[in-house]
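I opened the notebook to look up a few local features of this chain. The entries run by topic and stay short.

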Amino acid sequence: MVHTAREPAQPQPQRGLLERGRLTDWLTEEVQEKSLQSNRRRKTGALFRGAFESDVLLSSSVSAGCGRGGTPACMAYTLGSGPNAGPAIGPQHCVTKVELSVCCSSLLDRDVASKSDPFCVLFQEVDGNWVELIFNFLLKQEDTTLQSSHSSLPVCLPSDLFFTTQIVSNKKLHRPLILANGKPAGKGAITITAQELSDNRIITLSMCGRKLDKKDFFGKSDPYLEFHKQGEDGKWMLVHRTEVIKNTLDPVWKPFTVPLISLCNGDVDRNIKVLCYDYDNDGGHDFIGEFQTTVTKMSEAQNSVEVEFECINPKKQKKKKNYKNSGIIILKSCKITRDYSFLDYILGGCQLMFTGCPSMDNVGIDFTASNGNPREPSSLHYINPLGSNEYLSAIWAVGQIIQDYDSDKMFPALGFGAQLPPDWKVSHEFAINFDPTNPFCAGVEGIVQAYSTCLPHIRFYGPTNFAPIINHVARFASQALQQDTAAQYFTLLIITDGVISDMDETRHAIVQAAKLPMSIIIIGVGNADFAAMEFLDGDSSVLRSYTGEEAVRDIVQFVPFRDFRNAPKETLAKSVLAELPQQVTQYFKQRNLSPRNTVPE
């Protein structure tokens with residue numbers, strides 16, 4: 001389902017990805033928006049072009065439509081082909097990744113003083129409900145009124161659907177748009193074109209301009225660039241738009257990255273059209289000039305060698321005999337690399353934790369006094385007559401998830417916050433099998449056995465310090481900094497009641513660990529206030545050390561076990577592993593590390 005509405009105050013860079021791991025249904029990477037841009041909105045019958053990437057799901061049904069922000073009644077949808085769509089095919093497994101390019105024409109005019117400013121939204125049907133998958137760049141803008149109006153838009157199910165597989169098989173799908181009341185949305189129509197993203201090459205461009213034409217009466221120009229590729233039908237399609245640089249004739253745009261297959265279908269000799277505009281608030285952006293090139297030509301911009309293109313305005317060129325150009329666009333650098341996915345690293349010979357040698361998936365268990373006396377039924381460590389407690393339930397549930405991705409299923413299980421015999425000194429990183437030279441436990445069963453054996457022989461104490469056990473694992477992870485391929489990635493699983501005593505030291509330890517091939521999964525047991533754990537998760541804000549240093553990436557995932565006590569294994573697994581794929585790929589990409597069976601470029 002696709003909606004259109006107001007565009008933001010100015011064009012923004014486009015880039016997005018919907019990626020789901022094939023390995024399991026629940027390994028879902030972050031869904032990012034891919035902007036669906038409008039093309040010269042001041043024209044009557046404005047054309048709406050753009051593209052986003054999506055996985056093809058065998059039983060995925062989607063629906064499309066358009067409308068204007070703040071006006072729910074004018075939502076428009078597409079009707080699928082009905083019986084021709086075919087039945088759903090099995091469970092939702094990812095088959096391949098595709099780019100869906102969207103083009104709308106003859107949209108209804110919903111503005112009084114100007115033309116409509118459309119945007120696009122994609123919905124997927126999940127268990128009979130429409131779930132929003134991708135929303136274009138409007139949600140990234142400061143227009144809170146528009147964001148609010150979008151969130152209140154009604155979900156009006158069309159009487160028919162179309163399936164993603166149908167789009168892919170037909171390559172192109174054309175449908176008329178209808179309003180929520182079932183009536184035609186004028187002559188509005190939507191065309192969706194699918195292209196398989198079988199090429200994982202990406203291209204990074206750094207560009208600037210020199211002596212562009214002055215277009216503003218009281219200023220200079222507010223230039224931005226648009227990149228278009230030519231479709232099989234000969235029509236040009238927008239694939240990327242840069243940010244606007246205000247009031248200058250010599251703009252310097254931020255470097256940007258796009259998939260090579262999106263830019264030129266993977267054909268380095270295919271023509272690419274680059275257009276330069278002067279941004280205007282009313283949407284009537286002034287054309288400055290254009291040029292055509294190829295990736296082959298742009299690839300010459302390497303090793304400090306720049307490539308220059310004359311920005312030509314054909315109308316001025318015809319009218320003025322002495323016309324030379326409307327400025328120069330300079331390509332400062334062009335770099336083509338591989339955009340490896342989480343699945344690429346797995347298929348490259350790595351386990352989920354990315355340890356090519358014996359695994360170092362560490363488990364840390366909280367034995368502090370805040371858990372209560374283990375001999376009392378109120379304690380989280382109290383083993384009931386059925387032989388279980390909160391910690392054992394968490395170990396079994398989470399352990400069965402992570403052991404599936406471990407090569408040897410040998411886990412070093414550590415405890416913290418307890419007094420140990422014979423001298424009863426407090427330890428914050430001890431082997432629960434009491435063998436510091438070999439703390440490994442064989443699978444989940446080994447962890448459970450070691451836990452149950454050690455429980456009567458220790459005294460719960462405190463304080464609850466996370467930093468020592470984080471630093472313990474970090475010491476091993478730091479040894480992997482010299483790896484030249486994606487061979488090792490370390491994960492620490494902490495099971496705790498949520499009380500923490502060394503917040504400053506823990507924050508500092510996490511910030512330092514973020515520089516290493518390492519992630520931390522915290523499982524909160526019991527019904528305590530987990531605000532401190534959610535703070536460490538770093539989803540709402542960047543985690544900072546007490547020195548003020550920011551974490552270079554988010555490596556912590558917190559999961560409150562109480563929310564999943566009676567949930568299926570898949571539901572818990574999805575939450576436990578939700579951020580790990582992104583954390584792993586982010587680290588290896590920052591280090592420019594390729595999968596083990598791939599030669600680095």
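These entries cover aromatic rings, backbone exceptions, cysteines and two helices in what is a predicted model.

**Entry 1. Aromatic rings**

I began with the ring pairs. A pair of aromatic rings is described by the distance of the centres and the angle of the planes. My count came to 14 aromatic pairs. I looked up F291 with F309, which is a stacked pair with 4.6 Å from centre to centre and 10° between the planes. This pair links distant parts of the chain: F291 belongs to strand β16 (residues 286–293), F309 to strand β17 (residues 307–310), and the two are 18 residues apart. I noted F291 and F309 as both buried.

I then looked for rings that group together. Y340, Y345, Y489, Y587 and F588 make up one aromatic cluster.

Which residue lies over the face of W424? I found R459 there, at 3.9 Å from the ring centre.

**Entry 2. Cis peptide bonds**

Next I checked the backbone for exceptions. Most residues other than glycine have a negative phi, and most peptide bonds are trans. I logged a cis bond between P421 and P422, with omega at about 5°. P422 is in the loop that runs between β21 (418–420) and β22 (425–427). I logged another cis bond between G462 and P463, where omega is about -5°. P463 is placed in the loop between β25 (459–460) and α9 (467–478).

**Entry 3. Positive phi**

I looked up K211, a residue other than glycine, and its phi is positive, near 55°. K211 sits in the loop between β11 (201–210) and β12 (223–230). Is K211 buried or exposed? I entered K211 as exposed, because its relative accessible area is 65%.

N592 is not a glycine either, and its phi is positive at about 55°. Its place is the segment after α13 (580–590). I entered N592 as exposed too, because its relative accessible area is 53%.

**Entry 4. Cysteines**

How many disulfides are there? I counted zero disulfides. A disulfide is a covalent bond between the sulfur atoms of two cysteines. I took C276 as the case to check. Its closest cysteine sulfur is in C311, at 4.8 Å, so the two are too far apart for a bond; the cut-off I applied is 2.5 Å between the sulfur atoms. C276 counts as buried because its relative accessible area is 1%. I also looked up C208, which counts as buried because its relative accessibility is 10%.

**Entry 5. Helix α13**

I picked V584, which is in helix α13. V584 is buried, because its relative accessible area is 0%. I then compared its position with that of Y345. The two residues are 239 residues apart along the chain, while their C-alpha atoms are separated by 9.0 Å. Y345 was already in my notes as a member of the aromatic cluster, together with Y587 and F588 among others.

**Entry 6. Helix α10**

Last, I listed the buried residues of helix α10 (residues 503–513): T506, R507, A509, I510, V511 and A513. What covers these buried residues? I found that the cover includes α9, β27 (518–524), α11 (531–537) and β28 (556–560). Helix α9 was in my notes from the loop that holds P463.

Note on methods
Residues numbered from 1 in each chain as written. Predicted model: local features only at pLDDT ≥ 70, side-chain atom pairs only at ≥ 80, totals over all residues. Heavy atoms only, no water. Phe/Tyr/Trp six-rings, centres within 6.5 Å; stacked < 30°, edge-to-face > 60°. Helix = DSSP H or I, 4+ residues; strand = E, 2+ residues; numbered from the N terminus. Buried < 20%, exposed > 50% of the residue type's maximum accessible area, 1.4 Å probe, protein only. Lys NZ or Arg CZ within 6 Å of the ring centre and 35° of its normal. Contact = heavy atoms within 4.5 Å.
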